[in-house]
Amino acid sequence: MAKSAMPLRVIEETPAYWRAVFDYPPFNVVDATMFQGLQDLLARMEVSPNLRVIVFESANHDFYLSHFDLTGKTGNITTAVGASGLPILADTFVRFTRSPVASIAKIRGCVRGVSSEFVLACDMRFASRENTLLGQPEVGVGLHPGGGGTERLPHLVGRGRALEIVLGAEDFDGDTAERYGYVNRALPEAKLDGFVDALARRIASFDQRAVAAAKNLVNQGSLPSADHLLNALNSFQTALTWNETQRRIHALLTRGLQQDSDFERRWPAVLGTLLET
């Protein structure tokens, strides 16, 4: 059964296995509407006792989730408090991580900034070898990650590689992301759907109590503290007010960010020369 609800659609493959499809043209930009869609999904998940696994994918082949909306359409996601006691931005990711439901990101296209932080908050990540551009470009925009990137990446890739990803502000293809541990596996485009579907159906066939208990035990030794996540988000909000940051954001929007498809695909490549005339 499929239900349409912007900015994502939920397809209930079985009571135990759902697919959530990001469908927010033109670029699947992450704004207040996207966070409301994710919060609504969490509410549905919490009253679905048979659900064991959810797969997140995109209807847009080029943009899985592109990045944080830099035009200001973010509402109160950094100030209003969610069910976890954290601001909505952090609350959304923390609740997916803590949920008894296993979450899988099936990645095609661009995934940058807060979008990378979303997939890092998922339990598993599988990427298209030919069609993945994944990164944390915030430092090149005059900012730093604020949604858990600096807290979750070191656990996955190690300190040195986390600093390379964050300070370098560049894109990583599927193969490199797999080698670093940024994603679980990079698979050929033609095999990605079948692999993820088979894994999700296998998990969905297991006892819900066993899935939830195992995930909870892994969480106990692997998740960042709420205090660290909140500190990063507060620092991110401060960085948004810096003059240099505002200059860089203005330059990106002037060049076509969130407007031009070609620029959306390649914009981290220009960050090193962004303010040069």
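The following paragraphs describe the overall fold of a predicted model and the aromatic side chains within it.

The protein comprises eleven helices and eight strands. Its C-alpha trace extends over about 60 × 40 × 40 Å along the principal axes. For a chain of 277 residues, a compact globule would be expected to have a radius of gyration near 19 Å, and the value of 18 Å computed for the protein agrees with this. Of the 277 residues, 54% are buried, and among the contacts with a separation of 6 or more, 70% are accounted for by residues 24 or more positions apart. The surface exposed by the protein amounts to about 12000 Å², of which carbon and sulfur atoms supply 52%.

Turning to the aromatic side chains, the count of aromatic pairs in the model comes to 13. One of the pairs is formed by F27 and F63, whose ring centres lie 5.1 Å apart; because their planes stand at 75° and an angle over 60 degrees counts as edge-to-face, the pair is assigned to that class. The two residues come from distant parts of the chain, F27 being placed in the loop between β3 (17-22) and α1 (32-46) and F63 in strand β5 (residues 63-65), with their positions 36 residues apart. Both F27 and F63 are buried.

A further edge-to-face pair is made by F56 and F96, with a distance of 5.3 Å from centre to centre and an angle of 85° between the planes. This pair, too, links distant parts of the chain, since F56 belongs to strand β4 (residues 53-58) and F96 to helix α2 (residues 88-98), 40 residues apart. The relative accessible area of F56 is 0%, so that this residue, falling under the 20% limit, is classed as buried. The corresponding value for F96 is 1%, and F96 is therefore likewise buried. F56 and F96 are also members of one aromatic cluster, which is formed by F22, F35, F56, Y64, F93, F96 and F118.

Aromatic rings in the model also lie beneath charged side chains, as two arginine residues illustrate. The charged end of R44 sits over the ring of W18, at a distance of 5.1 Å from the centre of that ring. In the other case, R161 is positioned over the face of Y180, where the distance to the ring centre is 4.1 Å.

Notes
Residues numbered from 1 in each chain as written. Predicted model: local features only at pLDDT ≥ 70, side-chain atom pairs only at ≥ 80, totals over all residues. Heavy atoms only, no water. Phe/Tyr/Trp six-rings, centres within 6.5 Å; stacked < 30°, edge-to-face > 60°. Helix = DSSP H or I, 4+ residues; strand = E, 2+ residues; numbered from the N terminus. Buried < 20%, exposed > 50% of the residue type's maximum accessible area, 1.4 Å probe, protein only. Lys NZ or Arg CZ within 6 Å of the ring centre and 35° of its normal. Rg over C-alpha atoms; globule rule 2.2 N^0.38 Å. Contact = heavy atoms within 4.5 Å. Areas by Shrake-Rupley, 256 points an atom, 1.4 Å probe, with all protein chains shown as cover.
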